[in-house]
Amino acid sequence: MAKQLGFYFDATACIGCRACQVACKDKNDLVVGQTWRQVVEVSGGSWTAQENGTWATTAFAYYVSLGCQHCEKPSCVEVCPTGAMTKRADGIVVVNAEQCIGCRYCEWACPYGSPQFNEAKGVMTKCNFCEDYVAQGKKPACVDACVMRALDIGELADLRVKYGSVAQIDPLPAANLTRPSIVLTPHAKSSTHGDVKKLALDKGGMK
Amino acid sequence: MNVREWALITFTILAQMSVGSFIVLGIVHYFVGKKAGEQQADELSDRALLAIGPVLALGMAASLLHLGNPLNAYKAVTNLGTSWLSREIFFGVLFAVAGAAFAVMQWKKIATFQVRNVIAMVAAGIGIALVYSMSMVYMMPTRPGWNLITTPVSFFATTLLLGVLAMGAAFVANYWYVQSKNPGCASEQCVLLRDSLRWIAISSIVLLGFQFVVLPLSIALMAASGATESAAMFVGEYGALFALRLVLVFLGAGVLGIFVYREAQSAGHERMMSVLAYGAFAFVLVGEIVGRFLFYATATHFGLQ
């Protein structure tokens, strides 16, 4: 099997502090409007009146922290007209700003919101798995910043042996679309309707 | 809507109009040539042919405004293997080259009629490939409001409708130009103009009928697939603009089309017929621009953003 690096995320451990998001922004010097790692709060459920006058609730909330999924079938790479978006031998999907024309087609094609446009430079940017850190044997900034140890990286095959093969919980789209290189431990309340609109999403207003 | 999105509206409308015009012009030239001889056909259509180039060039220039980094634009044809956007640009450039080659040969009467005919057919084929690639750019699972069969179908409908009416207007403009140069000798051209415009009026009414099937169908398909939000925008937020688009195309291609046909039936009404033909083109052009605006404005994204 070809080498494929991937992220692991534990939705039962994440407390939604967004330290990963901030660490990513800091490490990669991201401008306002760009969040290569995003933490999405998913909430749902309701309250129902009981016969005895009390109320029962099914309310829940959990978080999902997402960088680029470095998909096995990346739609951004497929649609990029210049070949600026490429998948490396180790599975990391990177964008070469020198080649990019800033057409934003990858942004349309990605179901995870990973490629992000830099207005000032006129080109696309995205999570590069902290390739420089990984080359030095270190872990990406987001992983090291996580106070709950909810994030990790590894060979996708190893991650699947260790944590299972869940790659789709709400609010993520169906995994068969792009085959994301992610392994998730789902939250007890997380479902996979694939219909994100039924859930309230909140990115915490962080840009 | 910002400059980048208006760039796409301008590019797609103008490129489709030039492909449609090229095809319509070829068909008219063929039939007029059979009826009245090649020289008369050339007289009717050569100037209109020369008008297509600038329209395409303007559209392609506008497409550059969509890019964040236009200096790299030439690299956009390097992923023909998987990217429809690459293919779109490739066929766009190829259509421009083939169309320009034909226009120069036709204008200067280089090579024989048959050779020119073959080049025109090739250019028209490339034009069809261009409109097809253009529509396939929008066929993505992450854009459910676009990822429907009605996207390519309506792009071709726009191509033909704008092509037909743009050429109607171009023939009229050409007629008055010829008249102003040489008022006496244009009687044969006058007959041909009326003949052509009658067929243009009939075609535009048929295409209008087709549009009026495709447009509701596209919204029904949106509602039935994962694009209920897009469908809702057509009747809610953008209801008034959508109605305006329908009314403009109906008035231009339908109502004015009928009057163009009536005025083109007998000699002596050329002036009225010309005004109507210009009006029909203008109404449909604006209607189609509004339609393309709505195409982009109602797109929703599937997945996270």
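Start by selecting F9(A), which stands opposite L184(A) in strand β11 of chain A. Helices and strands here are DSSP runs numbered from the N terminus, with at least four residues (H or I) for a helix and at least two (E) for a strand.

Before going on, a word on what is on your screen. This is a predicted model, in which local features need pLDDT of at least 70 and side-chain atom pairs count only at pLDDT 80 or more, while totals for chains, interfaces and linings use all residues. Residues are numbered from 1 along each chain as its sequence is written, and chains are lettered from A and ligands numbered from 1 in the order in which they are written.

**Stop 1: the strands around F9(A)**

Now select residues 5–10 of chain A, which form β1(A), together with residues 182–185, which form β11(A): these strands pair in the parallel sense over 4 bridges. Two strands are said to pair if DSSP finds at least two bridges between them. Add residues 151–155 of chain A, strand β10, and you will see β1(A) paired with β10 in the antiparallel sense over 5 bridges. In β10(A), F9(A) has L151(A) as its bridge partner.

**Stop 2: a covered strand**

Next, pick residues 60–66 of chain A. This is β5(A), a mostly covered strand with 5 of its 7 residues buried. A residue is buried if 20 or more other C-beta atoms lie within 10 Å of its own, exposed if 12 or fewer, and partly exposed in between, with C-beta atoms placed from the backbone. Select residues 38–44 of chain A as well: they make up β2(A), which is joined to β5(A) by 7 bridges and runs antiparallel to it. One pair to click on is V39(A) and its bridge partner S65(A).

**Stop 3: all of chain A**

Zoom out to see the whole chain, with its 6 helices and 12 strands. Its radius of gyration is 18 Å, close to the 17 Å that the globule rule gives for 207 residues, so chain A is as compact as a globular protein of that length. The radius is taken over C-alpha atoms, and the rule is 2.2 Å times the number of residues to the power 0.38. Of those 207 residues, 45% count as buried.

**Stop 4: over to chain B**

Colour chain B by secondary structure and you will find 9 helices and 0 strands. The C-alpha atoms of chain B fill a box of roughly 65 × 40 × 30 Å along the principal axes. Of its 305 residues, 50% count as buried.

Select residues 150–181 of chain B, helix α5, which gives 15 residues to the largest nonpolar core, the most of any contributor. In α5(B), 23 of the 32 residues are buried. How far apart are the end C-alpha atoms of α5(B)? They are 46 Å apart, which agrees with the 46 Å expected at 1.5 Å a residue; that span is 1.5 Å times one less than the number of residues.

**Stop 5: inside the core**

The largest nonpolar core has 152 residues, and L165(B) and V284(B) are among those with the most contacts inside it. Such a core is a set of buried Ala, Val, Leu, Ile, Met, Phe, Trp, Tyr and Cys residues joined through C-beta atoms within 7 Å. Click on V284(B): leaving aside neighbours within four places in sequence, its contacts include L161(B), L165(B) and L248(B). Two residues are in contact if their C-beta atoms, placed from the backbone, lie within 7 Å.

**Last stop: where the chains meet**

Finally, show both chains: 23 residues of chain B are in contact with 25 residues of chain A.
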